Amino acid sequence: MLEVKVPHNNVSVTQIVGGKVNLYKSENLSKIILGLEDKEHIEVDVIAPSIPVDFHIDTNLPLTNIFIGPEKTNPPTHNITLNTVDRHSYAWADINQDGAIDLFIGRGGLRGLTKFQYLRENLLQDQLFINKFPSTKLLTFENIYTQSGLKNCGCGSRKACWVDIDNDCVLELFIVCTRNENCRFFKKHNEKYVDCTSEYKLDITGEVPYFWFDFNEDKFLDLLTFNNGKLCFYENIHGRVFNKRILEIPKDSITPTFLLANDFDHDQKLEFLFGDLNTYKTYLAKHTGNFQLEELLPFELGLPTISYWCAWADLDNDSFDELISIPNGIYRKTSEKHTYEKINLLEFTNLTPDKFSDARIEVFDANNDGTIDMIIGYREKSHTNISGYGPWWHISLIKNTTSSGNWVQVDLTYPVFNSDIKFGDRLILETKKHKKITRAVGQFENSRAHQGHYRVYFGLGSDQPEKLIHPNSVKGDSIYNLPETNKVYSIDDLTK
């Protein structure tokens, strides 16, 4: 006999071949019982991901005759729980200052369905994995979520990041959630994380992109995000509370998808490109100082007016970033006038933005050869699936074979504890010819949900690096010598 238990009463049983199946339902449980005769077959639809399913198998059946998954793994006992985990967000950082990178994983919210509310609140949890390598010399992780003080409260954790908002070198955890759920903000107090969202006046609701940066140069990281479809600053008041500043950009309220930072005119002030999920329209705003932005028109600069997803990257290391757009392809800078032209590479010729249910672009140097490669992935829409997602992700790893200029990369995988450079900080590379290229730590993440890309990329063209400036840092302005060209610098390589 086989007994299957699912912790909700929305289970359906399909494709029964041979034998008899008994299905029993109560308020929060479905139980299925069937015999174990030859050639019996049953399929059980548990409706949504993240649902743990218990199997109790008659002990008369040898474990060697029980197979799980495509690898046909034999279970260790006749009582099995299969935990499918709908992991939404991965945030990597060294949170305990031991030199090894740790991991927070935020789980999904079962699509926000009311019938699964009790599962979200009582059964499903996020995860906090501590890297045990420093103590065991083995690459293993321990999940300490239940004793950490972190709480999910029933929301779907869409995007998480570790950030130091008060410059004490103890990382806080910031999470935005799905739908109309409020964000969460955890600080560590007496070795436990405490939810301080209300105390710090962070009232961000729903899944919105965000960007941490010190906009007013007071040494504390501020937050740029969206409130009711408008760009909004959350000014960090000395690490104690945030002051909300809603802008009238754009004029119409939008459902934001991406928010990308770039200094494409090398004036040490960031521009922000962002998009609307409903119309696929792109917008552009320039940081003019403190908590002020000036709205620009993408088409006046030759940038696309419609995109589903975008990313910036200096693909030829000429010191000016290209824009990669789905579905439009690559836009390259034309001259010192800071305008762009489409060059008909990586264009989706048969798919318009309304045909996508999801899309991503990740840019990184896959083989440490100095040129930026990329992963492009997309899913087409489905008109039958409840989520709207098509059945498959189409994913391509694209190697950059462009003839490249000079370059420097700075890998800040542990940006908080090995130096005063941390996530969200401004870095300026000054060349031998006195050109200044501005980046922000974490700028190249380009992810809808994750954190962990701490490498910073500088293309130089025919120029040579002189120094890396970390302005207005907690310890004052820091200057690092860069004696070599075409090198990936680690924190330990940087010398003041």
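## Briefing: strands, rings and a few odd backbone spots

W407 has its place in strand 31. This is a predicted model, and W407 makes a handy way in: its relative accessible area is 8%, so it counts as buried. N406 belongs to strand 31 too, which covers residues 406-411. From there the tour goes to a four-stranded sheet, the aromatic rings, and some backbone geometry.

**Strand 31: W407 and N406**

- W407 pairs up in space with a residue far along the chain: G459 is 52 residues away in sequence, yet the two C-alpha atoms are 4.5 Å apart.
- Neighbours within four places in sequence aside, W407 touches N317, D369, G370, F458, G459, L460, T485, N486, K487 and V488.
- What about N406, buried or exposed? With a relative accessible area of 17%, N406 falls under the 20% cut-off, so it is buried.
- The N406 side chain gets to the backbone oxygen of D463, at 3.0 Å.
- With the same sequence neighbours left out (those within four places), the contacts of N406 are N317, F458, G459, L460, G461, S462, D463, Q464, T485 and N486.
- Put the two contact lists side by side: N317, F458, G459, L460, T485 and N486 turn up for both N406 and W407.

**The sheet of strands 12 to 15**

- Four strands make an open sheet in the order 12-13-14-15, and their pairing is antiparallel.
- Strand 12 (157-163) and strand 15 (192-195) are the edges; each has a single partner strand, so one side of each has no neighbour in the sheet.
- On average, neighbouring strands here are turned by 25 degrees against each other, ignoring direction.
- How many bridges join strand 13 to strand 14? Three, between residues 172-177 and residues 184-189, with the two strands running antiparallel.
- F174 has F185, in strand 14, as its bridge partner.
- Those two residues also show up among the rings: F174 and F185 belong to one aromatic cluster, together with Y200, Y210, W212 and F242.
- The loop between strand 14 and strand 15 holds N190, which has a positive phi of about 50 degrees despite not being a glycine.
- N190 is exposed, at a relative accessible area of 66%.

**Aromatic pairs**

- Searching the whole structure turns up 27 aromatic pairs.
- One of them is F213 with F215, an edge-to-face pair with 5.3 Å from centre to centre and 70 degrees between the planes.
- Both partners are out of the solvent's reach by the accessibility count: F213 is buried at 1%, and F215 is buried at 2%.
- F444 and Y457 are edge-to-face as well, with centres 5.0 Å apart and planes at 75 degrees.
- Why does this pair tie together separate parts of the chain? F444 sits in the loop between strand 33 (436-440) and strand 34 (455-461) while Y457 sits in strand 34, so the pair links parts 13 residues apart in sequence.
- F444 and Y457 are both buried.

**Lysines over rings**

- K333 lies over the face of F320, 4.1 Å from the ring centre.
- K487 has its charged end over the ring of Y489, at 4.8 Å from the centre.
- K487 has come up before, as one of the residues in contact with W407.

**Backbone geometry to check**

- Which bond leading into P250 is cis? The peptide bond from I249, with omega near -5 degrees.
- P250 is in the loop between strand 19 (241-246) and strand 20 (256-262).
- I326 and P327 are also joined by a cis peptide bond, here with omega about 15 degrees.
- P327 is found in the loop between strand 25 (322-326) and strand 26 (329-333).
- I326 is thus the last residue of strand 25 (322-326), and K333, the lysine over F320, closes strand 26 (329-333).
- N228 is not a glycine either, but its phi is positive, about 55 degrees.
- N228 has its place in the loop between strand 17 (222-227) and strand 18 (230-237).
- At 66% relative accessibility, N228 is counted as exposed.

Note on methods
Residues numbered from 1 in each chain as written. Predicted model: local features only at pLDDT ≥ 70, side-chain atom pairs only at ≥ 80, totals over all residues. Heavy atoms only, no water. Pairing = 2+ DSSP bridges. Axes fitted to C-alpha atoms, helices over the stretch in contact; angles between N-to-C directions. Buried < 20%, exposed > 50% of the residue type's maximum accessible area, 1.4 Å probe, protein only. Polar contact = N/O pair within 3.5 Å; in protein donor to acceptor, adjacent residues only side chain to side chain. Contact = heavy atoms within 4.5 Å. Phe/Tyr/Trp six-rings, centres within 6.5 Å; stacked < 30°, edge-to-face > 60°. Lys NZ or Arg CZ within 6 Å of the ring centre and 35° of its normal.
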